[in-house]
Amino acid sequence: MTSLAFAGAGWVTAVHGLAVDALDHVRVVHVASRRNVSAGRRAEQTGAAVCRYDELPRGADAVVVATPPALHRREAARAVDGGAAALVESPLAATLDDADQIVALAARGPVVYAENLVHSPVVAEAVQACRRIGELIHLEVRFAQGRPNGGPQRLEPSWGGGALFDLGVHALAVALLLAAPARVVAVEADLAAGDDLDVDDDASVTLTFDTGLRARVRASWRAAAPTWDAQAASATSAVRLELVPDP
């Protein structure tokens, strides 16, 4: 039996809770959150008990760190120091310093960064297809949707960043997966913010790889309807990936 604790009780922990329901050997034992009502709701759904952040890991084998990104370093360190594995949700951290410290934690205990699209069957199939068609000469990834509805804090600089940080992290992960084993050697980015925001709501990124490939990644909160897609091409073949609305 593997026991999990949730640090944070946002929507992604509902997904983790559903995954746990499908596994006989895993259970959720504790849920901590800034708001007891959120923790209580998730605890009721998973059969867990509510606790405080400073009580984690409270005997759990692993802690899913699903707090706001600015708290990821603190909760990952708390998990590892308590003898548990830290499973850190994306984005990894709100600052480069926090990211470096989370990476350094791996020398003291198990730390896993969770880019959940890695485990999507259709993404895995697209990655394998890109391996088969040969060296890529074109790659474009586009994740566009409306502004997030996870509360006003998601639109504040204290969250860590705007569309590129919150949504673009997943588009960048898909680009890196499709282009591998090529490695990024240079990055260019153009960020734009709406008149009522202090963070970007539209971003274009160019990734230059060691093969000479220049991939374009777009992340935007300005779309009327969500569009998550990618297309890649070699000299002879092409691969197209569509994740929204019907994966």
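**Helix 5, Leu-178 and a pocket**

Author: On the other side of helix 5 from its buried residues, Pro-121, Glu-125 and Arg-132 are exposed (over 50% relative accessible area; buried is under 20%, partly exposed in between, with a 1.4 Å probe and protein chains only). The model is predicted, so local features need pLDDT of at least 70 and side-chain atom pairs pLDDT 80 or more, while totals for chains, interfaces and linings use all residues. Residues are numbered from 1 along each chain as its sequence is written, and side-chain values use heavy atoms, without hydrogens and water.

Reader: How do you know that the length of helix 5 agrees with what is expected of a helix?

Author: Helix 5 (a DSSP run of H or I, at least four residues; a strand is E, at least two; both numbered from the N terminus) has 13 residues, 121-133. The expected span is 1.5 Å times one less than the number of residues, which gives 18 Å. Its end C-alpha atoms lie 19 Å apart, so the two agree.

Reader: Which residues of helix 5 are buried, and how do you know where they lie around the axis?

Author: The buried ones are Val-123, Ala-126, Val-127, Ala-129, Cys-130 and Ile-133. They cover an arc (directions from the helix axis to the C-beta atoms) of only 160 degrees, so they are on the same side of helix 5. Their cover includes helix 7 (168-179), strand 11 (227-233) and strand 12 (238-242).

Reader: Why is Leu-178 called buried?

Author: Leu-178, which is in helix 7, has 4% relative accessibility, so it counts as buried.

Reader: What does Leu-178 touch beyond its neighbours within four places in sequence?

Author: Leu-178 is in contact (heavy atoms within 4.5 Å) with Ala-126, Val-127, Cys-130, Arg-131, Leu-136, Leu-139 and Ala-230. Leu-178 and Ala-126 are 52 residues apart in sequence, yet 7.3 Å apart in space, C-alpha to C-alpha.

Reader: What lines the second largest pocket?

Author: Its lining holds 22 residues; Tyr-113, Val-169, Leu-172, Ala-173 and Leu-176 lie nearest its centre. A pocket is an open set of points on a 1 Å grid over the protein atoms alone, with protein on both sides within 12 Å along at least five of seven lines, and lining residues have an atom within 4 Å of a point. Helix 7 gives the most to this lining, with five residues.

Reader: How many residues of this lining are nonpolar?

Author: The lining divides into 20 nonpolar residues, one polar and one charged. Ala, Val, Leu, Ile, Met, Phe, Trp, Tyr, Cys and Pro count as nonpolar, Asp, Glu, Lys and Arg as charged, and the others, Gly among them, as polar.

Notes: 1 Å grid on protein atoms, 1.4 Å probe; cavity = no way out; pocket = protein on both sides within 12 Å on 5 of 7 lines; lining within 4 Å.
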